[in-house]
Amino acid sequence: METREGTDGPGRAEGLICASFNQDTTSLAVGTKKGYKLFSVTSVDRLDLIHESADTPDVYIVERLFSSSLVVVVSLAAPCRMNVYHFKKGTEICNYSYSNSILAVRLNRQRLIVCLEESIYIHNIKDMKLLKTLLNTPSNPAGLCALSNNHSNSYLAYPGSTTIGEITVYDGNNLSTVTTIAAHDSPLAAVTFNASGTKLASASERVRGTYPLTSCRYVSISSLSFSADAQFLCASSNTETVHIFKLEQHSPSREEESPTWSAYVGKMFSAASNYLPAQVSDMMNQDRAFATVRLNIFGLKNVCALATIQKLPRLLVASSDGSLYIYNVDPQDGGECVLVKNHRLIESEDGQRESADASESRPAQPASQSYAATVAIPTATPSTAALTGYSEDGGMRKGEVIPEHEFAAGPVCLDDEKEFPPVSIQNN
């Protein structure tokens, strides 16, 4: 969810500009008029504030690298500049300025991607060196792009056309184009990878829905997210409904049912059988949503994610109304999800954040029914090679490095408990 207007729209929380989950959905970052905040989302009942910064106002992009101390921030005050911070040390690792406004930032343990309207910059995250600039990409005013969380492949997906839903898949490690996928008849609205980078889901701009049967309107998909095991995918939009799809094989001979909103949304699933090195099962159309959530809000931007919290499957919805909604998901029977907690992300006038328990309740699902598990990605030994310097390319200017000793002996080291520093891929 990303809101760039300088004024507060109807229903929008005062000061809330953007929100994003980290790569393993253990943390939520929000940008506000006063700065940015990082929250832990590992508990249903508590929303612990990890870090808060008021040094940079009007933050419209904030992205955290997994559970590390590396955070990337972009402000409306300087939309062409990306700042990279070590928030636990309170130091700036580096900053870079670009030729135009930054529309999106994506990162994994190997790469940092900066997306402008007509160009994309690929950085090596261990030293922030610019590796590649993709110039003259199709106009992408929404900054649509996705980077696989799995650093062993670092696949990047972005629009390949301005008129149809074509997706370009780029290998961020080998710095080469892999393939182009003709996914939709109309332009892209959302795109995302699963955690391992072996599946890709996308949605087009023209998804038509009926609410109720006597009325019809176009639905704008704002967020797509896989569960950690890629068995489920959630989609949120400008409507009051969030849909969860169960990704099962769909027989080609199956008779199509009557057109529904979900049948249109089913077109978001892109067949991705050959673009990766290994054969990948097709992501077939889903005629009906497996589970749904009906929000009490309509027309507001939000971002959704599927996570396992306290050993149970949950749906998280961070909304521009200033709330984080947490729902229970029944991984066996699906159906309507139950709201269990509503956390406020922005303080009230007395400086307190409020949380509310849902009035509805449902018996908790056994832990054995959890559909997702923590994705374990093996670490590798960090490179000890000295930093060779920054590159300049395609209108980007070298940023000031503060402090310089951060890079003096080698890669960026974050030194936090239970976290790993950015690493080098070990080629066998």
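**View 1. A small space inside the model: the second largest cavity has a volume of about 30 Å³.** Welcome to this predicted model. When the whole structure is searched, 2 cavities of 30 Å³ or more turn up. Rolling a probe the size of a water molecule over the atoms is what shows where empty space is left. Around the second largest cavity you will find Cys 115, Leu 116, Glu 117, Ile 120, Thr 137, Pro 138, Asn 140, Tyr 158 and Pro 159. Sorted by class, this lining has 6 nonpolar, 2 polar and 1 charged residues. Glu 117 is one of the lining residues to look for, and so are Tyr 158 and Pro 159.

**View 2. The whole chain, for orientation: 1 helix and 30 strands make up its secondary structure.** The chain has 428 residues, and 57% of them count as buried. It exposes about 18,800 Å², and carbon and sulfur atoms supply 46% of that area. Take the contacts between residues at least 6 apart in sequence: 50% of these join residues at least 24 apart.

**View 3. Strand E17, residues 188–193, is largely enclosed by the rest of the structure.** How many residues of strand E17 are buried? The count is 6 of the 6, which is why the strand is described as largely enclosed. Being buried here means having under 20% relative accessible area.

**View 4. Strands E17 and E18 form a hairpin.** Strand E18 covers residues 200–204 and pairs with E17 in the antiparallel sense, over 5 bridges. To find your way along the pair, start at Ala 190, whose bridge partner in E18 is Ala 203. Between the two strands lie 6 residues. In the turn, look for Gly 197, which has a positive phi of about 75 degrees.

**View 5. An open sheet of 5 strands runs in the order E21-E22-E23-E24-E28.** Its pairing is mixed. Which strands are at the edges? They are E21 (221–226) and E28 (335–336), each of which pairs on one side only. As background, side chains in a regular strand alternate between the two faces of the sheet.

**View 6. A closer look at two neighbours in that sheet, E22 and E23, which pair in the antiparallel sense.** Strand E22 takes in residues 232–237, and strand E23 takes in residues 241–246. The two are joined over 4 bridges. A handy landmark is Cys 234, whose bridge partner in E23 is Ile 244.

Notes: Residues are numbered from 1 along each chain as its sequence is written. This is a predicted model: local features need pLDDT of at least 70, side-chain atom pairs count only at pLDDT 80 or more; totals for chains, interfaces and linings use all residues. Side-chain values use heavy atoms; hydrogens and water are left out. Buried means under 20% relative accessible area, exposed over 50%, partly exposed in between (1.4 Å probe, protein chains only). Two strands pair if DSSP finds at least two bridges between them. On a 1 Å grid over the protein atoms alone, a cavity is a set of points where a 1.4 Å probe fits but cannot get out, and a pocket is an open set with protein on both sides within 12 Å along at least five of seven lines; lining residues have an atom within 4 Å of a point. Grid points are joined across faces, edges and corners, and a volume is the space filled by probe spheres set on the points. Ala, Val, Leu, Ile, Met, Phe, Trp, Tyr, Cys and Pro count as nonpolar, Asp, Glu, Lys and Arg as charged, and the others, Gly among them, as polar. Contact means heavy atoms within 4.5 Å. Accessible areas come from the Shrake-Rupley method with a 1.4 Å probe; for residues, only the protein chains shown count as cover.
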